[in-house]
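Q: I'm new to this structure and would like a close look at one part of it. Could you walk me through it slowly?

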Amino acid sequence: MPAATGATATRSGTASSRFDLFREPQLSDPYPFFQRLRQEAPVFYAEDIGHWVVSRYQDVKQVLRDHENYSAQNTIAPIHPLCDAARRALADGGWGIVPALGNADRPEHTKTRRSVVKAFAPRRIADLEPYVSAMLNAAIDRFEPKGEAELMAELLFDLPAYVILRLLGFPDEQAPAIKEGAKNRILFVWGRPSDEEQTQLAAGLAGFFSLCRQLVDERLARPADDLTSELLRVRAGNDEILSLDSIASILFAFFTAGHETTSSLLGNSMVQLLRHRKAWEGIVAEPALIPGAVQEILRYDSSVISWRRKAKREMEIAGVKVPAAAELLLLLGAANRDGEVFDDPERLDITRRNAGRHLSFGTGIHRCLGATLAQMEAKLTLEALSRRLPGMRLAAGQHFDYLPNISFHGPRAVRVEWPAQGSGRAGQ
Ligand code: HEM
């Protein structure tokens with residue numbers, strides 16, 4: 001246990017002693033617990049995960065923005081140390097990931113981010129809109145006559161995956177292999193897998209990295225109109241600007257950062273809007289409310305409830321000393337419901353004026369590069385579902401399951417139903 005000072009640094013006798021995001025009830029609804037943490041133990045050391053946990057808005061924001069004193073190197077390192085077999089599986093599978101964006105510090109981060117921003121022009125997102133709309137309408141056409149659907153399996157899990165694959169330039173035929181390879185990477189990094197599970201996941205992830213590397217080589221030989229080719233153009237044959245492994249690592253980062261985060265945003269949106277019926281009816285009657293509703297869902301029920309940093313030197317947060325090299329777990333989900341920033345924070349209000357101050361995309365030099373894309377997908381999805389199936393309801397008696405992990409939060413299945421009706425397709 002690292003040295004700690006301050007009344008809130010230890011776990012005994014406070015809410016912090018019951019901190020366990022891996023299990024129910026915190027797994028499916030961490031918010032009552034987050035509220036207690038903000039009040040009783042805003043900064044404390046959680047021994048079982050070896051991290052200092054920070055829950056108040058100003059503290060979380062301050063750490064995220066302070067890249068001089070906090071490193072991002074640990075953001076995607078497995079919480080659960082790798083066993084030897086998993087290490088071997090990575091090495092044997094040709095694992096060549098280099099710190100590129102989310103887990104790189106300055107000056108490397110600045111260099112890579114500059115290249116990615118240059119390559120990821122806003123028109124790439126606009127170009128994807130017709131593709132997203134077509135996918136939404138095709139899926140709704142398929143399930144609308146049934147009067148019921150499991151939204152994650154029939155639409156919301158795949159949609160962001162195909163969008164990223166298209167953005168990067170992977171052919172659709174590779175989608176099953178990629179989804180298999182990248183499966184449960186959340187469990188690998190942010191969960192508590194057994195050694196056997198960890199080894200299997202490691203082999204799958206190494207295979208997925210090889211596919212990224214392969215795509216880089218293919219686009220080097222035959223450029224196309226996609227982000228991979230654009231990154232190669234920015235590289236201009238110069239490894240000092242971007243190496244081929246760093247481009248493959250960027251592709252890997254985009255897929256891993258942009259798939260389940262967005263699927264879960266879509267799943268959380270549907271669960272929360274349908275639970276809060278007036279909010280759903282609001283967007284049905286007035287689709288112009290949808291962009292604000294997306295911001296409020298990001299605040300109220302984010303798909304990324306925590307993110308990590310590592311202290312470069314001894315620091316003090318809210319009066320608690322944390323030692324040099326301390327690993328920090330920043331509870332974005334708790335910060336987003338801090339009453340110091342948001343009025344009546346436990347209430348979902350799709351017209352909330354300052355919902356956009358949420359920290360779900362992080363802040364500072366690492367702020368999410370896919371925020372605009374994710375919001376575009378959420379907006380089009382809510383527009384399509386509310387327009388075509390306005391009578392949609394959550395199927396009665398369902399319990400929502402979540403993958404046991406400390407950062408990513410989204411329902412694995414969402415069963416919905418609606419009364420027989422015209423689909424509202426006409427006149428689109
Ligand atoms: C609802 C969806 C999403 C959420 C909640 C989310 C959340 C986050 C968070 C919390 C960070 C870390 C920020 C920090 O360290 O301050 C991040 C970084 C990042 N995200 Fe997202 N993300 C989402 C969607 C996407 C999408 C769709 C993409 C890709 C198209 C993407 C790509 C990235 C990348 C590349 C970074 C690293 C940026 C850097 O370090 O410079 N994300 N995201």
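How many residues lie between β1 and β2 in their hairpin, and which residue in the turn has a positive phi?

A: Keep in mind that this is a predicted model. There are four residues between β1 and β2 in the hairpin. The residue in the turn with a positive phi is G50, at about 65°.

Now look at the two arms. Strand β1 covers residues 43–46, and it pairs with β2 in the antiparallel sense over four bridges. If you want a spot to put your finger on, take F44: its bridge partner in β2 is V53.

V53 is a handy residue to follow, since it also has a partner in another strand: in β8, the bridge partner of V53 is L329. Strand β8 spans residues 327–330, and its pairing with β2 is in the parallel sense, over three bridges. In general, strands of a sheet pair through backbone hydrogen bonds, and they can do it either parallel or antiparallel. Here β2 has an antiparallel pairing with β1 and a parallel one with β8.

What about the two faces of β2? In a regular strand, side chains alternate between the two faces of the sheet. In β2, residues 51–54, H51 and V53 are on one side, while W52 and V54 are on the other. All four are buried, and both faces of the strand are covered.

A bit further along the chain you get to D66, in the loop between α2 (57–65) and β3 (70–71). D66 counts as partly exposed because it has 14 C-beta neighbours inside 10 Å. From D66 you can jump to R393, which is 327 residues away in sequence and 44 Å away in space, C-alpha to C-alpha.

That jump takes you to another sheet. It is an open one with three strands in the order β4-β10-β9, and the pairing is antiparallel. Its edge strands are β4 (148–150) and β9 (393–394), each pairing on one side only. Strand β10, residues 415–417, is joined to β4 by three bridges, and the bridge partner of E150 in β10 is R415.

One last stop is the ligand. It is surrounded by 29 residues, and the closest are G258, G362, H366, C368 and G370. Helices α12 (244–258), α13 (260–275) and α17 (371–388) each supply at least two residues of that shell. The largest share, four residues, comes from α12. By type, the shell divides into 15 nonpolar, 12 polar and two charged residues.

Note on methods. Residues numbered from 1 in each chain as written. Predicted model: local features only at pLDDT ≥ 70, side-chain atom pairs only at ≥ 80, totals over all residues. Buried ≥ 20, exposed ≤ 12 C-beta atoms within 10 Å, placed from the backbone. Pairing = 2+ DSSP bridges. Near = placed C-beta within 6 Å. Nonpolar A, V, L, I, M, F, W, Y, C, P; charged D, E, K, R; others polar.
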